[in-house]
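Please open the structure in your viewer and keep the selection tool at hand. The tour below moves from one selection to the next and says what is to be found at each stop.

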Amino acid sequence: MIARVIVDVPSRATDRPFDYKIPENLNGWVEVGSRVGVPFGGRVLQGFVVGLAPYADVDVKKLKPIAELLDHLPPLSPDLVELARWVSEKYCCPWTTALQVMIPAALKGKADSVVSLSEEEECSEERTGFLTEESEPWFQYIRNNGEVRLALLQERFPEAAAGIKAAIRRGTLREEISIRDRLKVRKVWTVFPPEDTAAAEAALASASSRAAKQQEAARYILDNPEPIPLAALAQALSTTTGTIRGAADKGWLTIREMEQQRDPYAGRGFKRTEPLPLMEGQQTVYNEIAEALDNEAARVFLLHGVTGSGKTEVYLQTIDRCLKAERQAIVLVPEIALTPQMVERFKGRFGDSVAVLHSRLSSGERYDEWRKIREGRAEVAVGARSAVFAPFRRVGLIIIDEEHESSYKQEESPKYHARDVAVQRAKQHQAVVVLGSATPSLESFVAASASRSQEGTASANGSAKQGATLLPMPERVAGRPLPKVHLVDMRDELKGGNRSMFSRQLHEALLQRLERGEQSVLLLNRRGYSTFVMCRSCGYTAQCPHCDISLTFHQKSKALRCHYCGHAEQAPTACPSCESEHIRFFGTGTQRVEEELAKLFPGIRVIRMDVDTTTEKGSHEKWLTMFGERKADVLLGTQMVAKGLDFPYVTLVGVIAADTSLHLPDFRAAEKTFQLLTQVAGRAGRHELPGEVIVQTYNPEHYAIISAQRHDYASFAQEELKHRRFMAYPPFCRLILVTLSHEQLALVYAEGEKLASTLRDLARSAGVRGSDEGDGSRFIDILGPVASPIPRMKDRYRFQCMIKYRGNVGASELLGQAISLLSGANGQPPVTMSVDVDPQMIL
DNA sequence: AGCACGCCGACT
DNA sequence: GTCGGCGTGCTC
């Protein structure tokens, strides 16, 4: 058999399988999904086996053999390899890039060289003076140490690089290249019972009163023969590791290094919980999902439940049902919501069979959790976006909580959306997808409405064949009312002479909470909030010299920085343009609010959560714990305070400026604003104390804000869909954005023109209509090229083309073909092209 | 991505 | 006459 291998070179020219012979000794071991090291163009690279074929099918003569197999158990299964191919086509990225996101970073092997003296040289040691290298210090070093890593040799003898290279070429040195994982297996000294228990028992019985602590240690391990980490035992017996090593020397116990399975949640002791009785609303929903699970039907459900309607309990019980059928479950949660409380709920119900995957784990921890899944020791994976690729054998259920969250979209290549990948993966496994949200994305909502009603909104989504099923959960579990939301018109405040960022009503409400000892959450909707530098005399603003964007002022370092390229410079004391000293720096939005709070409410205790204060590992949790312990009166933050928090003493939620995100040049601006407001409103009064929400706005008549105030998703969706249809935006069409960038302006524009015309030609010959006739039928329209919203970034000019289409027109394939046609001999187009597929709801 | 092959300028 | 510039082309 020969193996078809995708090598780890992310370029268009190498984005196809290369064939290799499977050496005799690896016969039967190499499978689809295996990770291998292969010789490729004079070096050894990591690759994935994506297919096996009989010898007869290829020209065997020019084949090289696979150099090595990197894992005993293939890290990927054939269905994941297939899914990777789907991702690569859908999102226009190399196959290897898609394969790479499916495995933990620890397995991203790199080639590593080991050199040693070749055999003849070793034998001829006595032939002193024969070789010119012989007197070289590095030669002696290799002779003394045997096999030496080339990297180490270069480090130790940096000036000898040429000599070493020559020796390898001449054959004096033998070089062996292999792939090494970036993996450090953590080893821990561990205490075991002695080799000879009987002898130890006897020795203990007759031992003198000396070495009492050593005897104690020996006694312990004989009575509790479970291996225990050395440090832990020393601590338990309040002695030192040295003492216990003494006992080991006497043969009373054994100490060995053992590989430790990192368990980031070790020692937390999760309390097991039992399924709660479901309320009527929950039961109906559960029954529908359970039926689909039992029938192994690839169905998609949209669980539209208001905050507090008990979605999580439904998740837990459907997972249980899935596990009983010996299929595994994946739960996706937004990165930000993956809090210890969240994990606790799953570990509490399913114990050790839960694997947790998120970005804050170290690469080793992540690898261990992943391996738990791969080796079948876990049946439930809870994690962020990439957990959709959890290497389960039989996936029965994929739950996506808060499905509307934008964090399900990956910003780097492959720019996939976890929701769309989940639907695809579910098709492979005949699995059920459950999308949960209080404020569903309009894509999902429309897809789910299609099955309910025959109204036009639905049929407009061209390729919705059977659609998704809407499962409404309009009731809150304990019957608690949703909090009252007050809108404050900030224009009236201004008219009334209040120029502060706090309205009188919010000021009053905050004061009240302080007096009562209750807590408040303040949200600064920071999107669109600028932190730029401006001269009040001449209007000068500081711009990045490499990007067409304003520089951002950072209070901490007193520096001006560019968000996009990282350029930093000292903040000026006078205006560089007019030399006026009336130059103002605005700190980050939250900092300004914090300062104003301190001014208005002396002694107020504020926790500020934003990018500046939560970058450190664990800081996020730390602040929330502090707030939970009522060590602060106010939790002030951006988006991140809107999600998943649940504190009993929070009775006030204030939104400083609801509209900052409303007028962004983004067709989803209203949707995002509505979602944010609805979510943050749900943070108040979740327990006995009633909650109140104050929303400050300059647009109190905007439907996104009014609907959020009334907790009315349906009317928001109706209004927003009207706009989307009128403007011909998703979900009434689909979008792919191609951004081209290069140092030379003329070249980017020219390539943009070429791309657009190539695409139009391709579409025409594929027989797809070129414009939207408004009748819901399929079309593909290519817009642009036009300058990007940020026309220059990192000294590169940027243009974009937009592909707007509806129905199954193979847009990604056409784009892939077009890029290939524009590509030169190196397989790459002359300018950089980045493809961004707008999140869809592919059914 | 790397690395080789290949065809034109400034050095021994 | 050679060393080396980086433009095309290939890697099983």
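A polar contact here is a pair of N or O atoms within 3.5 Å; within protein, one of the two must be able to donate a hydrogen and the other to accept it, and residues adjacent in sequence count only if both atoms are side-chain atoms. The model is predicted, so that local features need pLDDT of at least 70 and side-chain atom pairs count only at pLDDT 80 or more, while totals for chains, interfaces and linings use all residues. Residues are numbered from 1 along each chain as its sequence is written, chains are lettered from A and ligands numbered from 1 in the order in which they are written, and side-chain values use heavy atoms, with hydrogens and water left out.

**DNA strand B**

Select arginine 43 together with DNA strand B: a polar side-chain atom of this residue lies 2.8 Å from a phosphate oxygen of the strand. Widening the selection to the residues near DNA strand B (a residue is near if one of its heavy atoms lies within 4 Å) brings in Val9, Ser11, Thr14 and Gln828 beside Arg43. Of the atoms of DNA strand B that come within 4 Å of the protein, sugar and phosphate account for 42%. Sorted by class, these surroundings hold one nonpolar, three polar and one charged residues, where Ala, Val, Leu, Ile, Met, Phe, Trp, Tyr, Cys and Pro count as nonpolar, Asp, Glu, Lys and Arg as charged, and the others, Gly among them, as polar.

**DNA strand C**

Move next to DNA strand C, which is surrounded by 13 residues, the closest being Arg16, Asp19, Gly41, Lys64 and Ala825. A backbone N or O atom of aspartate 19 lies 2.5 Å from a base oxygen of this DNA strand, whereas a polar backbone atom of proline 39 is 3.4 Å from a phosphate oxygen. At glycine 41, a backbone N or O atom lies 3.3 Å from a sugar or linking oxygen of DNA strand C. Strand 2 (18-21) and strand 3 (35-40) are the elements that give two or more residues to this surface; helices (H or I, at least four residues) and strands (E, at least two) are DSSP runs numbered from the N terminus. The surface near DNA strand C has seven nonpolar, two polar and four charged residues.

**Two groups of cysteines**

Now select Cys535, Cys538, Cys575 and Cys578, which UniProt lists under "binding site" in an unreviewed entry; its positions are given in the numbering used here, feature names are shortened, and annotations may be inferred rather than shown by experiment. These cysteines span 44 residues in sequence, yet they gather at one spot, because no two of their C-alpha atoms are more than 8.6 Å apart. Cysteine 535 is found in strand 22. UniProt's unreviewed entry also gives Cys544, Cys547, Cys562 and Cys565 as "binding site". Although spread over 22 residues of sequence, they cluster in space, with a largest C-alpha distance of 8.8 Å. Cysteine 547 sits in the loop between strand 22 (533-535) and strand 23 (552-554).

**Backbone details**

Finally, turn to the backbone. Where is proline 731, which a cis peptide bond with omega of about 5 degrees joins to proline 730? Proline 731 lies in the loop between helix 25 (713-727) and strand 31 (734-742). Another cis peptide bond, with omega of about 10 degrees, joins glycine 784 and proline 785, and proline 785 has its place in strand 32 (residues 779-793).
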